[in-house]
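Here are my notes on this one, written so you can follow along in the viewer. Have a look at the model and then read on.

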Amino acid sequence: MTTIFGTASSREVIRTLEQAGYEAVFVGGAVRDYVLGKPATDMDIATSAEPDEVKAVFSTTFDVGIAHGTVLVLMHREPIEVTTYRTEGTYSDNRRPDEVQFVKSLREDLQRRDFTMNALAMTIDGELIDPFGGRNDLAQRVIRAVGNPEDRFKEDALRMFRAIRFTAVLDFMIEPQTFEAIRNHAGRLRHISVERLKAEMDKLLIGVNPKAAFTAMQQTGLGSHLPLFPHDIDGLGRTVPFESILEGWACFMISGDFSPAAVAKAYKLSNVEKKFLMEVHALYVKRKVQDYIVDDYYHYASDVFQTVEKLRDALDEASDTLTSTEIEQQQQALPIQSKEELVVTGKDLIAWSGLAGGRWTGTWMKEIEQAVLHGLCNNDPNDIKDWFSREYKREK
Ligand code: ATP
Ligand code: MG
């Protein structure tokens with residue numbers, strides 16, 4: 001039986017390397033996901049060719065991580081990462097090897113990888129190379145370190161968090177010795193940069209079972225070495241699974257009783273992420289004291305409402321939560337969705353009043369926006385003109 005694995009471009013990269021006399025195989029998460037019957041994500045290729053040799057074989061390449069042996073090959077416009085077989089030298093800082101060493105054997109390359117399920121390779125002919133029992137562990141749904149877990153976590157503390165991330169993504173158990181080693185070395189997580197933790201946390205949050213991961217973080221003690229962690233994970237457990245990474249962070253914030261600023265700072269969130277947390281926080285707090293009003297439907301996007309409703313359902317056991325359809329109906333029923341939809345501009349106000357332009361036009365446009373939103377006049381040029389003339393005179 002032949003297995004067709006990989007995209008046409010990635011297969012061509014392998015074939016080209018083989019024709020030039022080198023070994024090349026698929027490695028990493030894509031092979032794991034293929035064995036699991038899941039659609040493949042990014043295709044990583046490992047090769048016996050050294051970076052200079054890879055660059056000599058292809059016409060278009062980019063040095064994306066040459067120090068780690070990675071060259072990006074552009075094949076029919078598709079970017080394909082090709083990494084030279086390597087081991088990692090000594091780790092003196094719990095996170096990055098002091099040097100990487102290129103090696104000639106695939107086995108040595110697979111041996112430096114974190115978990116047995118991630119230490120699989122596949123040839124272009126569909127032959128699975130599995131020196132550490134990865135296929136068996138996948139069948140048993142077990143996350144097991146390659147080699148001695150204590151040593152592997154001492155080398156690179158991020159692996160502990162990756163193990164836990166995979167419990168959420170795959171809904172697998174961590175093998176007992178690997179789990180015990182995480183308990184023993186949890187404190188080493190402090191050597192890991194926030195950026196790397198955030199990247200793993202993002203993947204964890206959209207996994208099928210984030211609750212398992214948060215429970216494991218608590219049981220291993222890893223949680224207390226994270227920049228911020230909701231120690232009472234019961235509430236968080238009730239909000240899973242998450243619709244999106246953003247929703248995951250918002251539930252993390254509310255269930256941990258953290259401020260948006262605290263979460264954003266601790267995990268170096270982007271401005272977009274921070275804004276979402278601030279909006280969810282504001283609307284959630286407001287909804288505790290009053291029903292939603294027209295201004296809320298106008299101001300907040302539907303995904304903010306959806307997250308707030310989910311939190312009310314899970315944390316406050318509210319019985320009057322709205323479905324996403326109900327929220328969208330409320331929003332679509334508004335006379336306008338944004339100020340851009342107003343049919344008049346400041347220029348119209350100048351023409352109607354005969355006055356020179358100035359800051360007053362902006363102020364009045366805001367008044368008009370409110371009037372249209374609240375149904376005091378229609379979003380129609382004549383109606384707005386009448387309303388404006390009346391109100392404007394009254395204020396004079
Ligand atoms: P995903 O499907 O989420 O991308 P992945 O396993 O492919 O998961 P990557 O971060 O893309 O994760 O890493 C690709 C491969 O590199 C892994 O499958 C593993 O073999 C190896 N790897 C990644 N990080 C480490 C690490 N910290 N220590 C050892 N090997 C690692
Ligand atoms: Mg990957």
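The points below go through the ligand site, a salt bridge, a surface patch and two backbone oddities.

1. Before anything else, keep in mind that this is a predicted model. Read every distance and angle below as computed from that model.

2. Start with ligand 1. Which pocket does ligand 1 take up? The space filled by ligand 1 is the largest pocket. There are 14 residues around ligand 1, and those that come nearest are Arg-32, Asn-118, Asp-156, Arg-159 and Arg-165.

3. Which helices build the shell? Helix H2 (29-35) and helix H7 (158-170) each put in at least two residues around ligand 1. H7 gives the most, with four residues. If you want to find your way around the site, I'd pull up H7 and then H2.

4. Now for the polar contacts to ligand 1. Asp-156 has a polar side-chain atom 2.9 Å from a nitrogen atom of the ligand. On oxygen atoms of ligand 1, a polar side-chain atom of Arg-113 sits at 3.0 Å, and one from Arg-162 is also at 3.0 Å. As for cover, ligand 1 on its own has 590 Å² of accessible area, and the protein covers 81% of that.

5. On to charge pairs. Side chains of opposite charge can pair when their charged atoms come close. How many salt bridges are there? With a cut-off of 4 Å between a side-chain nitrogen of Lys or Arg and a carboxyl oxygen of Asp or Glu, the count is 26 salt bridges. One of them is worth opening up: Glu-88 and Arg-112 meet through their side chains, at 3.9 Å from N to O. Glu-88 belongs to strand S6 (residues 86-88), while Arg-112 is in the loop between helix H4 (106-111) and strand S8 (121-122), so this pair ties together parts 24 residues apart in sequence.

6. Turn to the surface. Phe-62, Val-64 and Leu-74 make a nonpolar patch there of about 250 Å². Of this trio, Val-64 is part of strand S3 (residues 61-65).

7. Last, the backbone. Most residues other than glycine have a negative phi, and most peptide bonds are trans. Two spots here go the other way. His-76 is not a glycine, yet has a positive phi of about 45°; look for His-76 in the loop between strand S4 (70-75) and strand S5 (78-84). The peptide bond from Val-240 to Pro-241 is cis, with omega near -5°. Pro-241 is in the loop that runs between helix H11 (233-239) and helix H12 (245-255).

Notes. Residues numbered from 1 in each chain as written. Chains lettered and ligands numbered in written order. Predicted model: local features only at pLDDT ≥ 70, side-chain atom pairs only at ≥ 80, totals over all residues. Heavy atoms only, no water. Patch = residues over 30% accessible without salt bridge, like charges linked within 9 Å, V, L, I, M, F, W, Y side chains within 5 Å. Areas by Shrake-Rupley, 256 points an atom, 1.4 Å probe, with all protein chains shown as cover. Near = heavy atom within 4 Å. Polar contact = N/O pair within 3.5 Å; in protein donor to acceptor, adjacent residues only side chain to side chain. 1 Å grid on protein atoms, 1.4 Å probe; cavity = no way out; pocket = protein on both sides within 12 Å on 5 of 7 lines; lining within 4 Å. Sits in = over half its atoms within 2 Å of the grid points.
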